[in-house]
There are 2 protein chains.
Amino acid sequence: MDKLLQGVKIRINDKLFVKDPESSELGKNIIRMSILMINEIGWENFTFKKLGKQIGSNESSIYRYFENKHKLLLYLTSWYWGWMEYHLVLATHSIGNPKVKLLKAIDIITREVIEDTAYLHINEVLLNKIVINEYSKSYLTKEVDAENKEGYFIIYKRMVGRLRDMIKDVNPEYTYPSSLASTILESTLHQHFLKDHFTSITDCNATVTPTQYLTHLVVNTLNQNVNE
Amino acid sequence: MDKLLQGVKIRINDKLFVKDPESSELGKNIIRMSILMINEIGWENFTFKKLGKQIGSNESSIYRYFENKHKLLLYLTSWYWGWMEYHLVLATHSIGNPKVKLLKAIDIITREVIEDTAYLHINEVLLNKIVINEYSKSYLTKEVDAENKEGYFIIYKRMVGRLRDMIKDVNPEYTYPSSLASTILESTLHQHFLKDHFTSITDCNATVTPTQYLTHLVVNTLNQNVNE
DNA sequence: ACTTAGCGATAGTATTACTATTATATTTGC
DNA sequence: GCAAATATAATAGTAATACTATCGCTAAGT
């Protein structure tokens, strides 16, 4: 799978950057190091000044790539969802049976992220952790409607849409396919967070995975006839 | 119900404030106005300086009640969950039938919040909006483990625990009662957010409520036998 | 050889999130 | 009714943040 993916570029809304970070070594360094640093010190403590210091570049140079911190987060998380979408499509497109297809999709989305050597400057494992810890901060803002109009969340919404369609194929009678799809994506992040920080309010742990929990949830919800 | 509740004080971890805001007019003004302002301008744009100006008080006076902005958010959201817990217990404690009880609990948790005149300085409708938009920012931090140890999230976790117990009473065989309980609380907030900002990835709207969606989800999940 | 783009360096700004100190107003205890 | 304690206001100050603006160097393209 690795070699096959090499060279596939994840397309990000070009309003999210001033200059494409993939177009230069400095740009890739910004991406590479920002992932390491945000994961290490957290979004709130992360600054362009600190980032510049770490990559031996000037703060002002980073602003030539990203207008501000917020857009860097949108870029990183968009990349993550684009990468995830690519895996999702690749793993499911040849599956005919709707149920098998949906189960595969849930597996891809909810599983523990492992390293992907196809993108040398991006550590997907750490990026996944960043998404778990920081993604909601990218849309829980007063600017969300304006930014949504600009298409900043399009990849994420497209993923939810794909999942919704798979749910519909399994059970066309089910009333809440979009809500269930968005719940799957969001609960995955949440359950991963809970097992690391609030163990008492989740059943997920080293042996029980969010995949098992969500698979069970979806299967039972869709198989059930409308009742009660 | 209103008069009955009058005088019931929501108990908040006293490490969350320097001086109890309920103990003075200024304190209540801080709470009242911060709810209005955070709702209006959002958490990121909210500052103690602006708050002081609005209530005709000095910034430094606010610091006599809350050590910092973050603890104010923890206070407000703790109060909200305490208030919610109170309603939950009140509405369910006398119900014997486990299924009826759980359905009532889901209704309380997921329904649209309406005004509660028992707490004059707190606008519960706006506070609910703040919880939807800002609650996750209170725990998605690098300090979460330390703050969790201090008991800053105890009310929320207790609520999840109550819900988990009700789930267990309905179906003792179900493998993921804690995860399902945390999903219910979190998905409620998320679906409410989606219907206001990302309508394309939810089925909830003016006529379809998160209550209907989540009730259906839980009922079907718990009624189903373990299979497939 | 000339232009241009890319980057680094420096300086500067308004704002934030506080802390510290002093002064004044208010409450309370006697 | 007055002193003492307490609460609040006013002012000043700090380090850090999130930028913006300008300038100069350098290396690459034409």
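Ala, Val, Leu, Ile, Met, Phe, Trp, Tyr, Cys and Pro count here as nonpolar, Asp, Glu, Lys and Arg as charged, and the others, Gly among them, as polar. What you're looking at is a predicted model, where local features need pLDDT of at least 70, side-chain atom pairs count only at pLDDT 80 or more, and totals for chains, interfaces and linings use all residues. Residues are numbered from 1 along each chain as its sequence is written, chains are lettered from A and ligands numbered from 1 in the order in which they are written, and side-chain values use heavy atoms, with hydrogens and water left out.

**View 1. The protein surface near DNA strand D.** Here 19 residues surround the strand, with Glu59(A), Tyr63(A), Ser61(B), Arg64(B) and Tyr65(B) the closest; "near" means having a heavy atom within 4 Å of the strand. Sorted by class, this surface has 4 nonpolar, 9 polar and 6 charged residues. Helix 4 (59-62) of chain A and helix 4 (59-62) of chain B each chip in at least two of its residues; helices are DSSP runs (H or I, at least four residues), numbered from the N terminus.

**View 2. Side chains meeting DNA strand D.** Zoom in on chain A and you'll find an N or O atom in the side chain of Lys69(A) 3.4 Å from a phosphate oxygen of the strand. Over on chain B, Ser57(B) puts a polar side-chain atom 3.1 Å from a phosphate oxygen, while a polar side-chain atom of Ser60(B) sits 3.3 Å from a base nitrogen.

**View 3. Where chain A meets chain B.** Contact (heavy atoms within 4.5 Å) links 57 residues of chain A with 58 residues of chain B. In chain A, Leu140(A), Tyr176(A) and Ile201(A) lose the most area to chain B, together 14% of what that side buries; buried area is the accessible area (1.4 Å probe) that two parts lose on being put together, summed over both. For the two chains it comes to about 4,900 Å², with carbon and sulfur atoms giving 54%.

**View 4. Around DNA strand D's backbone and bases.** Of the strand's atoms that come within 4 Å of the protein, 59% belong to sugar and phosphate.

Technical notes. Polar contact = N/O pair within 3.5 Å; in protein donor to acceptor, adjacent residues only side chain to side chain.
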